[in-house]
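Hi,

Here is the structure I promised to pass on. Have a look at it first, and my notes on the strands follow below.

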Amino acid sequence: MSKISKISFLMAGISLVCMTITRYLLGEWVPFCWLSLGMAVLFLIAGIVKDRAFFKEFLTMKTTKEGMSMGVLILLMLAVLAVVNYIGVRHYLTFDFSTAQSNTLAEQSIKLVKNLDEELKVYFFYKKGVEGNEENRRSFRDLIKKYQDINPRIQLNFVEVNEQPDLAKDFGVDKGSGTAFVEYKGRRNLLQKIDEQEFTSSLVKVTREKNKTIYFTVGHGEANLDEVKEGLGLNALKVMLERNRYTVKPLPLISEPKVPADADVIVIAGPIQNFLAHEVEALEGYLKNGGSLFIALESQNPANLDKLIRKMGIELGNNYVFNIVDTVMGQGINQGPVMGSVFSPLNEITKAFGQSEVTLFRHPQALKKVVEPPGMTIDELVRTSPKSMAFKSMNLKEDGPVGSFALVDQVVGQWDSDPQAKKFAAIIAGDVDFMTNQMLYQNLNRDLVLNSLASLAKEENLISISPKEPQATQLILTETKFAVFIFAFLIPLPLLLLGAGITLYSRRRSA
């Protein structure tokens, strides 16, 4: 090969390298890339034309033909492997052999993902160097991969807050603990946890065309929705609901005793002053028309709602429930938060709660199921453990009844047993503090509140997915089976292998 051809091929290689580096650094194709590519082609053709006799002789050699044949076979094999791998990536089957099917999405999740007709964007915001971020990112990637396997329209983006501050500011993210959002058709929702239940609930919310509206009654000393600093305010609840794409509005029934037509749920949160007769009448009419009502009352203060609640078959205890604890000095009264640890196993609101999990209340009163009115059904959602005691006052001087007390009840059915009436739903809680700023995010309180409001807003899809917990397979051996395992397997097998090794070694030595 002549010196000119070698220089031409060298210049062609340099031109290709320049084109590649430019494309990589700029991140897009620019006119200079065309110039570099043209120069590479030009130098390559010039080198081949200059020594065309040499290349013609080289290509006609027997060794060259055989080498090219082998090269073609290698290229064909690589092409076949590439096609097989492409098909395997695009079309594959997975099998879940776990006992709890923990690696398989629920049918509801699969249906939601399949119905996505536009790109769903998932953003995971983090900061480099923050402890636990890598583990959270890995868990989140594994979760989203299950959804991407069903629909490739799901796009996962990991965003470093300091590298993309504008995007982080747009989403209101200023922390690096692993905040995630789902965005679909311009609608966003914040993920509270990394699990299937939370992600599928977010899918329901962002695919919902219209926000649900929740009205909070005002004018009776209810807990303040705008109170941020005080622990007994409800601002944390308001923010949580708005992030879950609920519209939160005040409802001054005292000045206008009429429930708005867009009210999906009405919440009465810890009123101090009594509701007037015309307000109670408006609430009863709302229930007759198939409304949804959430009532959380403080003990000793029914706010003139006790008659309305009694019509639903529930009587307020007007007492204070405490848990009994065992100490070295004997049994005593736990004057801290009261734990609700017994949940309705079949109700959509609480069936996902684990046996070892609890909800926390401050000074709850017991709810007593009197008699189920015709056409209504009462379900006790949350109860205390049997080791609990109820007192008439906070001085705790006189012993009260001991047992398991209902703290949250659900009532559904037709009002006045009218078969033509629409089906209403109501949830009664014997405490309001469990949903305040101080206690909302403790244990299962958030899940209880969100699930209850989702059920009342007729969004059962948000709460129907139970979390799947890995189940361990236990190997239990009796003494007889263990002895058989030791003397029939554990001891003979090593001896057998040792004897076989010595025999083979001896034969090889004497061969």
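Strand β1 (residues 120-126) runs parallel to β2, and 7 bridges join the two. This is a predicted model, by the way, so please read everything here in that light. To find the pairing on screen, look for Phe-124, which sits opposite Phe-158 in β2, or for Phe-125, whose bridge partner in β2 is Val-159.

How do you get from β1 to β2? Helix α6 (residues 133-148) belongs with them: β1, α6 and β2 together make a right-handed β-α-β unit.

β1 also pairs with strand β3 (residues 179-184), this time in the antiparallel sense, over 5 bridges. Tyr-123 is a good place to look, as its bridge partner in β3 is Phe-181.

Are these strands buried or exposed? β1 is mostly covered, with 6 of its 7 residues buried. In β2 (residues 154-160), 5 of the 7 residues are buried, so the rest of the structure largely encloses this strand. Buried here means under 20% relative accessible area.

Further along the chain there is another sheet to look at. It is an open one of 3 strands, in the order β11-β10-β16, with antiparallel pairing. Its edge strands are β11 (330-334) and β16 (388-391), each of which pairs on one side only. From one strand to the next, the twist averages 35°. Strand β10 (residues 320-327) is joined to β11 by 5 bridges, and Ile-324 stands opposite Ile-333 in β11.

Cheers

Methods: Residues numbered from 1 in each chain as written. Predicted model: local features only at pLDDT ≥ 70, side-chain atom pairs only at ≥ 80, totals over all residues. Heavy atoms only, no water. Pairing = 2+ DSSP bridges. Helix = DSSP H or I, 4+ residues; strand = E, 2+ residues; numbered from the N terminus. Axes fitted to C-alpha atoms, helices over the stretch in contact; angles between N-to-C directions. Buried < 20%, exposed > 50% of the residue type's maximum accessible area, 1.4 Å probe, protein only. Right-handed = clockwise from strand over helix to strand, strands pointing away.
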